[in-house]
Amino acid sequence: SAAAGPERPQVVSHVQQALNYTLFDCKWVPRSARLLCLGSAARGTGVVQLYELHGARLELLREIEKPKPIKCGTFGATSLQQRYLATGDFDGNLNIWNLEAPEIPVYSVKGHKEIINSIDGVGGLGIGEGAPEIVTGSRDGTVKVWDPRQNDTPVANMEPVQGESKRDCWTVAFGNAYNQEERVVCAGYDNGDIKLFDLKTMSLRWETNIKNGVCSVEFDRKDINMNKLVATSLEGKFHVFDMRTQHPTKGFASVSEKAQKSTIWQVRHLPQNRDIFMTSGGSGSLHLWKYEYPAQRSKKDSEGSEMGVAGSVSLLQNVTLSTQPISSLDWSPDKKGLCVCGAFDQTVRVLIVTKLNKI
Amino acid sequence: MPVWLREHSWRQTLTAVYLSLPLRGARATPANIFCSEQYLKVSIPPFLFEAILYAPIDDTSSTAKIGNGNIFFTLYKKEPAMWDSLTLADAGKEKLQYLRENAVVKAQEKAKEETEAKKITKQEHKKYALEATMKLEEAERKRIKDLKEKERQKVAKELEFWKNQQKDADKYKSVQKKEELHQEIKPLKERTNEKMNKSRIPNEGTSKIRLKSTRGCHGSCSIFSQNLKEEQLPAPRAAATIKVNFTPRVFPTALRESRVAEEEEWLHKQAEARRRINSDLSGLEDLKEEEKNPDWLKDKGNKMFAMGNYLGAVNVYNLAVRLNNKLPLLYLNRAACHLKLRNLHKAIEDSSKALELLTPPVPDNENARVKAHVRRGTAFCQLELYTEGLQDYEAALKIDPKNKNIEKDAEKIRHLIQETMQSS
């Protein structure tokens, strides 16, 4: 609901579209006013719908049906000219589609034994440097990194030790891709584990446990020296880690906030301002936050090692749009404040957040 | 008997009567004065003044002023006329009575009417106030709604504008690229022919160019830019695996912060329940606290077994059993020790006791039961009781059919049995 102060950002609901299938992910097509909805139809098949924003309504441009329900998608690893969509489905298949000719995928691999819960891409869209890569996290407990130029085998595989009982991986994110060699993958699991894998050294760089299943992780920017990481979890909590200073035993400094009683399903940083991010909740609400850096980002501890200092988070606005969880959220990389969100009430909503320039 | 106040004085004009009544020291309040159209009474116990007025007055506008030990009445006549006297002279007792009652009744009615009127006005006031607040709130809501709507429209317009900008930019870019294309086509053609043989993606790119109608020239020129970028991209990473360990946890469910307190409590209770079931045994007083904990002792025993100190391990297990004879694992491990020490009968005893305690047979204690069967089977075989041994091995195989070692050993025993049967 609108705050009384006229200077606070407002979340304006621009368009609503009711769908006849369960919506799992929604993404803007880069460099356009078009968006994609990915989901699962009632008869158990996958649905990809392409919409275009026309004034106050969404016009359906294309509908594509696939044999398996689709859980997640990303444009992160494709070039701006090609704009191929990478999807993960309920069967563990990773596919890359050319939406102009979607009958046969450009790349396909049965990457996992169970549903791919989360997918991220890096190295595409003219952002950052290095090879385009896609990471998928699955219920089978593994996290795999794929290069679209290499068929069938992943270029990195993070799997449980032999004999270890597996935990579902719920979310993955790329980060630290500031040059051709450096890259990290952050993975969040259902038992609260967060693990940071360094792909340059192929090793585990950091791990921690936030005591509740991790629903979503995201770096504030993929293509810079890793700056901040936000991890959201069940029971209404999220943590912001300052990733600039890693202490040998204490890891990264963090600040946490309990925003609401229900699960925080997604966090997405504003592409145009890396200190503003939106979280979406199981109660159908969206919260817009701003991170403020502390006076000193690092300090020395009693033994002289550097440790980070976490800042603070303040709530800019919140709004309740639905009674069902808002499970997916995406900011438009081209228009500041334009975002799309999908909820389990089978509705996709296009929102505009105003006054972001004044922050 | 009331004391009558009779020393009143009065004067009159055409329209009004002025009556002055001294009070003889008594204190008067408005409650003591009772006045109706033709009857006036002042009652301040024990004093009493009563008057049947000559002619009716307008009792609503008439006033009484109390002060200086005196009440000064200003009575406005209903009909302007000069009165012969203040009171009716020939007032009989019945008339007096009647007038009195009448006056009282009339006064009561008036009072009622007044309260009714008051109520009605009050209600009307409330209604008015409510309507006014509602109007105010409505206005406020409308204002906010209008603000929001204006914002939305502004934003929608900006969006349309941006969209059109995008379209124009795309068109402009495609026109530019077309020109560049025409210029660069010849030298690049040779280069691309080379590259097509090397990498896969440009081939796919060409076949899809025809289909990309909406993107204008992007398709045809992408092949060239892609080739150039291909050169700059590093090769795919060398494949590697990173092994992952998860945070250890006693419970099979995932960790949830809200349940941590419950879980701790449960674990604590379990630990308490296992300690000192038989703690009233003598000779235990000089043991340290941790030495009375069967779990701790089991761990100690396991360590000793691992180091090869089988006698020591047996002693530790003995103590643990004294403290809590219901833990199957203690017997199981002690059986292993006895096997190593070649105390075969004791090994059989302990394995049997362990199996007894491992009822009911559930998937949870599968591992333990397999071990128990294997150990007992081994002990039997070493005593040359091969049939009994085979029975145990087969039981173990039944629980864990995939275990190759058990299979091999079972085969061996079968052979041995056949041999002994043949030779006897």
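A residue counts as buried when its relative accessible area is under 20%. In this predicted model, that rule picks out strand 8 of chain A, which covers residues 93–97. Here 5 of the 5 residues are buried, so the strand is largely enclosed by the rest of the structure. In a regular strand, side chains alternate between the two faces of the sheet. Strand 8 of chain A can be read in that way. N93(A), N95(A) and W97(A) point one way, while L94(A) and I96(A) point the other way.

Strand 8 of chain A has partners to describe. Strand 7 of chain A, residues 85–89, pairs with strand 8 in the antiparallel sense over 4 bridges. One bridge partnership sets L85(A) against W97(A). The two strands form a hairpin, with 3 residues between them. In the turn, G92(A) has a positive phi of about 95 degrees. Strand 9 of chain A, residues 107–110, also runs antiparallel to strand 8 and is joined to it by 4 bridges. In this pairing, L94(A) stands opposite V109(A).

L94(A) also appears among the contacts of I119(A). I119(A) belongs to strand 10 of chain A, residues 116–122. Is I119(A) buried or exposed? Its relative accessibility is 9%, and the cut-off for buried is under 20%, so I119(A) counts as buried. Beyond its neighbours within four places in sequence, I119(A) touches residues including C72(A), A86(A), I134(A) and V172(A). T171(A) is 52 residues away from I119(A) in sequence, yet their C-alpha atoms are 7.5 Å apart in space.

Aromatic rings were examined next. A pair of aromatic rings is described by the distance of the centres and the angle of the planes. Over all chains, the count comes to 14 aromatic pairs. In one of them, the rings of W206(A) and F241(A) have centres 5.2 Å apart and planes at 75 degrees. An angle over 60 degrees counts as edge-to-face, so this pair is edge-to-face. W206(A) lies in strand 17 of chain A and F241(A) in strand 20 of chain A, so the pair ties together parts 35 residues apart in sequence. Both residues, W206(A) and F241(A), are buried.

F238(A) and F277(A) form another pair, with ring centres 5.7 Å apart and planes at 85 degrees, so the pair is edge-to-face. This pair links distant parts of the chain, 39 residues apart: F238(A) is in strand 20 of chain A and F277(A) in strand 23 of chain A. F238(A) and F277(A) are both buried. Ring pairs also link F24(A), F90(A), W265(A) and F344(A) into a cluster.

Note on methods. Residues numbered from 1 in each chain as written. Chains lettered and ligands numbered in written order. Predicted model: local features only at pLDDT ≥ 70, side-chain atom pairs only at ≥ 80, totals over all residues. Heavy atoms only, no water. Buried < 20%, exposed > 50% of the residue type's maximum accessible area, 1.4 Å probe, protein only. Contact = heavy atoms within 4.5 Å. Phe/Tyr/Trp six-rings, centres within 6.5 Å; stacked < 30°, edge-to-face > 60°. Pairing = 2+ DSSP bridges.
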